Amino acid sequence: MTATDGTALVRDLLRHIANEVTALLDGLDPALLDARLAGGTNSIGWLLWHLTRSHDRNVSELRGRPQLWLVGGWHARFDRAPDPADTGYRHSAAEAADFRSPGPEVLAAYHRAAVAMIDDYLDSGDDPFRTVHSPTLGDEATVHARLAGVLADGLQHVGQAALLKGMMQRRR
């Protein structure tokens, strides 16, 4: 597989995740965003916020630029502090339970902005084998490994959110 093929695969998977996020939020009762099936579980809103924060933080670090969360004012739209490390990573069950979604439209708009930023980054032709330090995670990984993690996390979390949506809608 060439670097170009790899970029196309990343872009296709990113679009798949984005389409699933859009479909999940389309017509969703906003009351379901912060509902939980049981204590200690994540909500749909938290999962989609965390997924998008991961997209934003990871790729912003790859780009060597500030996160959209900060420069785009998304933290204010989510009524959260302008903390670049606030991604949901290592949130306790209580912190996840305290999360409040701003609504489906804002979640969807932040996700679209993150995907557009990643598309722009993918057009840059960055070296997939370049090693990058993550100040948030405190580790080093290649661009390739970081993007693989973003995609794996995104697919897992959008699937979890879709499962929750189906279960909660059946409960009603």
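A residue counts as buried under 20% relative accessible area, as exposed over 50%, and as partly exposed in between. This cut-off is used at several stops below. The model on screen is predicted.

**Stop 1: R11 and its partners**

Select R11. Its relative accessible area is 22%, so R11 falls in the partly exposed class. Now add D123, which is exposed at a relative accessible area of 58%. The two side chains form a salt bridge, with 3.0 Å from N to O. This pair links distant parts of the chain: R11 belongs to helix α1 (residues 3–25), while D123 is in the loop between α6 (104–122) and β1, 112 residues apart. Extend the selection to R15 and D119: together with R11 and D123 they make up a network of salt bridges. The count for the whole structure is nine salt bridges.

**Stop 2: R53 and D56 in helix α2**

Move to helix α2 (residues 44–63) and show R53 and D56. Because they are three residues apart in this helix, about one helical turn separates them. Their closest N and O atoms are 3.4 Å apart, and the two residues form a salt bridge. Are R53 and D56 buried or exposed? Both are buried.

Stay in α2 and select S60. At 1% relative accessibility, S60 is buried. Leaving aside residues up to four places away in sequence, S60 touches R65, P66, Q67, L68 and M117.

**Stop 3: R80, between an acid and a ring**

Select R80 and D86. Their side chains meet in a salt bridge, at 2.7 Å from N to O. D86 has 11% relative accessibility and is therefore buried, whereas R80, at 21%, is partly exposed. Next, display W49: R80 lies over the face of this residue, 4.9 Å from the ring centre.

A further arginine over a ring can be found at R77. Its charged end sits over the ring of W74, at 3.9 Å from the centre.

**Stop 4: the aromatic cluster**

Keep W49 and W74 on screen and add W46, W69, F78, F99 and Y110; these residues form one aromatic cluster. How many aromatic pairs does the structure hold? There are seven. Take F78 and Y110 from among them: the ring centres are 5.6 Å apart and the planes stand at 70°, so this pair is edge-to-face. The cut-off for that label is an angle over 60 degrees. F78 is in the loop between α4 (74–77) and α5 (93–98), and Y110 is in helix α6, so the pair ties together parts 32 residues apart in sequence. F78 and Y110 are both buried.

**Stop 5: the nonpolar core**

F78 also leads into the largest nonpolar core, where F78, L25, I44 and L48 are the residues with the most contacts inside the core. This core has 41 residues. Colour the helices to see where they come from: α1, α2, α3 (68–71), α6 and α7 each give two or more residues. Which element gives the most? The answer is α6, with nine residues.

Then select L25 alone and show its surroundings. Apart from residues up to four places away in sequence, L25 touches L33, L48, P104, L107 and A108.

**Stop 6: L164 in helix α7**

Go to helix α7 (residues 143–171) and pick L164. Its relative accessibility is 10%, so L164 counts as buried. Not counting residues up to four places away in sequence, its contacts are L37, N42, S43, I44 and L47. Draw a distance from L164 to N42: their C-alpha atoms are separated by 9.2 Å, although the two residues are 122 places apart along the chain.

**Stop 7: the hairpin**

For the last stop, select strands β1 (residues 131–134) and β2 (residues 139–142). They pair in the antiparallel sense over four bridges. To follow one of the bridges, label V132, whose partner in β2 is A141. The two strands form a hairpin with four residues between them. In the turn, look at G138, which has a positive phi of about 70°.

Conventions: Residues numbered from 1 in each chain as written. Predicted model: local features only at pLDDT ≥ 70, side-chain atom pairs only at ≥ 80, totals over all residues. Heavy atoms only, no water. Pairing = 2+ DSSP bridges. Buried < 20%, exposed > 50% of the residue type's maximum accessible area, 1.4 Å probe, protein only. Contact = heavy atoms within 4.5 Å. Salt bridge = Lys/Arg side-chain N within 4 Å of Asp/Glu carboxyl O. Phe/Tyr/Trp six-rings, centres within 6.5 Å; stacked < 30°, edge-to-face > 60°. Lys NZ or Arg CZ within 6 Å of the ring centre and 35° of its normal. Core = buried A, V, L, I, M, F, W, Y, C linked by side-chain atoms within 4.5 Å.
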